[in-house]
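Biologist: I am new to this structure, and I would like to go through it with you step by step.

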Amino acid sequence: MQNSINIGDEVIMKKSHACGTNKWVITRVGVDIKLKCVNCGHEIMMDRLEFNKKMKKKVSETDAEEKK
Ligand SMILES: [Zn+2]
């Protein structure tokens, strides 16, 4: 389900950001995906292919159980 990315979704990336978190929120979805670091607010952009490779999993607010 890695292709169903929406604005506001939280995702865990494989590599953590320089500030130490690996949790990001989606702020733009298009040809490129824009991500904002939830910890420091830093924003990055990458294309979908790269995003799909670097994303570890999606975090949904109502998702209490781990889905793998
Ligand atoms: Zn950060």
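What follows is a set of questions and answers on the fold, the strands and the core.

Modeller: Before we start, please note that this is a predicted model, in which local features need pLDDT of at least 70 and side-chain atom pairs count only at pLDDT 80 or more, while totals for chains, interfaces and linings use all residues. Residues are numbered from 1 along each chain as its sequence is written.

Biologist: In what order do the elements of the chain run from the N terminus on?

Modeller: Helices (H or I, at least four residues) and strands (E, at least two) are taken as DSSP runs and numbered from the N terminus. There are one helix and five strands in the chain. Read from the N terminus on, the elements run β-β-β-β-α-β.

Biologist: Which are the edge strands of the sheet?

Modeller: Two strands pair if DSSP finds at least two bridges between them. The five strands form an open sheet with antiparallel pairing, in the order β4-β3-β2-β1-β5. Each edge strand pairs on one side only, and these strands are β4 and β5 (55-59).

Biologist: Over how many bridges do β2 and β3 pair?

Modeller: A hairpin joins β2 to β3 through two residues, and Val29 stands opposite Ile33 in β3. Further pairs are formed by Arg28, which stands opposite Lys34 in β3, and by Ile26, which stands opposite Leu35 in β3. The two strands pair in the antiparallel sense, and the number of bridges is five.

Biologist: Which residue in the turn between β3 and β4 has a positive phi?

Modeller: Strand β3 pairs with strand β4 (residues 43-47) in the antiparallel sense over five bridges, with Lys34 opposite Met45 in β4. The two strands form a hairpin with five residues between them, and the residue in the turn with a positive phi, about 85°, is Gly41.

Biologist: Which side chains of β3 point to the face where they are buried?

Modeller: In a regular strand the side chains alternate between the two faces of the sheet. A residue is called buried if 20 or more other C-beta atoms lie within 10 Å of its own, exposed if 12 or fewer, and partly exposed in between, with C-beta atoms placed from the backbone. Along β3, Asp32, Lys34 and Lys36 point to one face and are not buried, while the buried side chains on the other face are Ile33, Leu35 and Cys37.

Biologist: Which strand gives the largest share of the largest nonpolar core?

Modeller: A nonpolar core is a set of buried Ala, Val, Leu, Ile, Met, Phe, Trp, Tyr and Cys residues joined through C-beta atoms within 7 Å. The largest one has six residues, namely Val11, Trp24, Ile33, Leu35, Cys37 and Phe51. Three of these residues make up the largest share, and they come from strand β3 (residues 32-37).

Biologist: Is Ile12 buried, exposed or partly exposed, and why?

Modeller: Ile12 is found in strand β1, and its C-alpha atom is separated by 5.3 Å from that of Lys57, which lies 45 residues apart along the chain. Leaving aside neighbours within four places in sequence, its contacts (C-beta atoms, placed from the backbone, within 7 Å) are Asn22, Lys23, Lys56, Lys57 and Val59. Because 14 other C-beta atoms lie within 10 Å, Ile12 is partly exposed.

Technical notes: Two residues are in contact if their C-beta atoms, placed from the backbone, lie within 7 Å.
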